[in-house]
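The following explanation accompanies a protein chain shown with its sequence. The reader is invited to keep both in view.

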Amino acid sequence: MESFIAESGEGRKRLDRFLVERTGRSRAEIQRLIKAGRVRVAGRAVKPSYLLEPGDCVELEPPPARPLLPQPEAIALRIICEDEDLIVVDKPAGLVTHPASGHLGGTLVNGLLHHCGRLAETGDPLRPGIVHRLDRETSGAIVVAKTALAYQSLVEQFKRGEVGKSYLALVHGIIEEDEGLIELPLRRARFRRGEISVDAAGKGATTEFFVLGRFPTAGKTLVEARPKTGRTHQLRVHFRYIGHPVVGDRKYGRRGDTAPRMMLHAWRLSLWHPRTGEQLEFTAPPPEEFRPWLAGSAGGSRAPQDKRGRSRDR
C-alpha cells in the first residue's frame, strides 16, 4: 500500500492528476486503478475527478504483479497433430488462447508449455508460439509454433493469405442464398470497448460462406464460413451486419439468446509445413452441440468440402 498526503498547495487538485505527479504512472493507469477501487481518500472510494483538500490522505493499492512468463499448467489437450516444429490442437469452447489481463493462467498456452516444455519466442512473453488465435467461446483447430523456423514461416503464410480456414457457424434466421461473399471493412468500435464494427475507415475484410442446412422451424441456418482475411471477430461481426448473428454470441448476438455456447467452430485448417514444404490439412471434429444440425443439413446447397489442392512447388 502506498500513502500520500495532499500538501497545502495541492488543494482542489484532481485526484488522478495528483497521483500521476506523485507516482509517475500514466493517467490512464491511474484512472484504471481508481475505477477498480484500488485508490481511497480518507478510507473511501472516490472518482478520478475528486478534488483534494489539503491534508487528505490518499492510499493506493498497486495491482498484483503480473508474472513475467506464463507458467506451465497441466491442462487436458486434444492434440490433432504434433512434430518438432508445430502442434495443432482442437481447442474447446471456453478455453482462452493465451494469457492476458484477467486471464493470466488456465489458458491454452499454459497447457502447451506443460506439454511441450517450450514454445517459439514471439516478441510477446505472454504469447509464446501464438501465430493466430481463436476467441474464448470458439472451438476448433489452432496451430501453435514450437520453433523459430515454424513461427516465421507461419507468420508469413498468414500474412500472404496462404493459410486456409473453414468454420462451421450456426446463425439466426434463414439465409436464402446458397452461397455469398461478405466484403465489409472492420475496425475497433469508437465508443464500445472491446468491440469491432463495420466502418468505411477500417481495414478490408472478406468472408465467403456456403449454406449447409436451413431449419425454418428453429429459424436458423448452418453455414460453412471461410474468412479470406484474419480480422478480429470478423465472422461474428460480418454475420451480424447482414442480419444473421451467430447463435450464442453474447457480444454481437441477439438479446435473449439462451444457447449454452457460441456456435462457431474452426473446423478445418490447411497450411504449408514450415520445414518440408508439404501442404497439410487438419480437421477438428464438430463438437456434440453441432451434430444434430449437421445430421439435419440435407436442406443445404452442398455438403462441406474443401477445394484446395494437396501439393505445390514452393
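The account below moves from the overall chain to its nonpolar cores, and then to individual residues in helices and loops.

The model shown is a predicted one. Its secondary structure amounts to 6 helices and 15 strands. The C-alpha trace extends over about 75 × 45 × 35 Å along the principal axes. Of the 314 residues in the chain, 46% are buried. Among contacts with a sequence separation of 6 or more, 64% join residues 24 or more positions apart.

The surface and the charges may be taken together. The accessible surface comes to about 16,100 Å², and carbon and sulfur atoms account for 49% of this area. The chain carries 51 positive and 39 negative side chains, with 4 Å between the centres of the two sets.

The interior is best approached through its nonpolar cores. In soluble globular proteins, nonpolar side chains tend to be buried together. Here the largest nonpolar core holds 29 residues, and L112, I175, F239 and L264 are the ones that touch the most other members. At least two residues of this core come from each of several elements, including the strands β6 (86-91), β7 (139-145) and β8 (164-172). The strands β12 (206-215), β13 (220-227) and β14 (264-272) also supply at least two residues each, as do the helices α3 (108-116) and α5 (234-241). The greatest contribution is that of α3, which gives 5 residues. A second core, separate from this one, consists of 16 residues, among them A120, L154, L269 and L271.

Two of the highly connected members of the largest core illustrate how it is assembled. With neighbours within four places in sequence left aside, L264 is in contact with E137, T138 and S139, with Y167, L168 and A169, with L235 and R236, and with V246 and F290. I175, by contrast, is a loop residue, placed between β8 and β9 (179-183). Is I175 buried or exposed? Its relative accessible area is 2%, and I175 is therefore buried. Beyond residues up to four places away in sequence, I175 touches F209, V211, R214, T221, V223, F239 and H244. One of these partners, F239, is itself among the residues that touch the most other members of the core. As for distance across the model, the C-alpha atoms of I175 and H114 are 44 Å apart, with their positions 61 residues apart along the chain.

The helix α5 deserves separate attention. Of its 8 residues, 6 are buried, and the helix is thus mostly covered. The buried residues are Q234, L235, R236, V237, H238 and F239. After α5 comes G243, which has a positive phi near 90°. On the other side of the helix, H233 occupies the loop between β13 and α5. H233 has a positive phi of about 60°, although it is not a glycine. Its relative accessible area is 13%, so H233 counts as buried.

R12 likewise has a positive phi, near 65°, in a residue other than glycine. It lies in the loop between β1 (2-5) and α1 (15-23). Because its relative accessible area is 54%, R12 counts as exposed.

H98 provides a further loop position, this one between β6 and α3. With a relative accessible area of 6%, H98 is buried. Its contacts, apart from neighbours within four places in sequence, are H103, T107, V109, L126, R127, I130 and R133. The C-alpha atoms of H98 and P70 lie 8.7 Å apart, for a sequence separation of 28 residues.

The aromatic rings complete the picture. A pair of aromatic rings is described by the distance of the centres and the angle of the planes. The chain contains 3 aromatic pairs. One of them joins F215 and W293 in an edge-to-face arrangement, with 5.0 Å from centre to centre and 85° between the planes. This pair links distant parts of the chain, since F215 belongs to strand β12 and W293 to helix α6 (residues 291-295), 78 residues apart. F215 has a relative accessibility of 14% and therefore counts as buried.

Definitions and conventions:
Residues numbered from 1 in each chain as written. Predicted model: local features only at pLDDT ≥ 70, side-chain atom pairs only at ≥ 80, totals over all residues. Heavy atoms only, no water. Core = buried A, V, L, I, M, F, W, Y, C linked by side-chain atoms within 4.5 Å. Buried < 20%, exposed > 50% of the residue type's maximum accessible area, 1.4 Å probe, protein only. Helix = DSSP H or I, 4+ residues; strand = E, 2+ residues; numbered from the N terminus. Contact = heavy atoms within 4.5 Å. Areas by Shrake-Rupley, 256 points an atom, 1.4 Å probe, with all protein chains shown as cover. Lys, Arg positive; Asp, Glu negative; His and termini not counted. Charge placed at Lys NZ, Arg CZ, Asp CG, Glu CD. Phe/Tyr/Trp six-rings, centres within 6.5 Å; stacked < 30°, edge-to-face > 60°.
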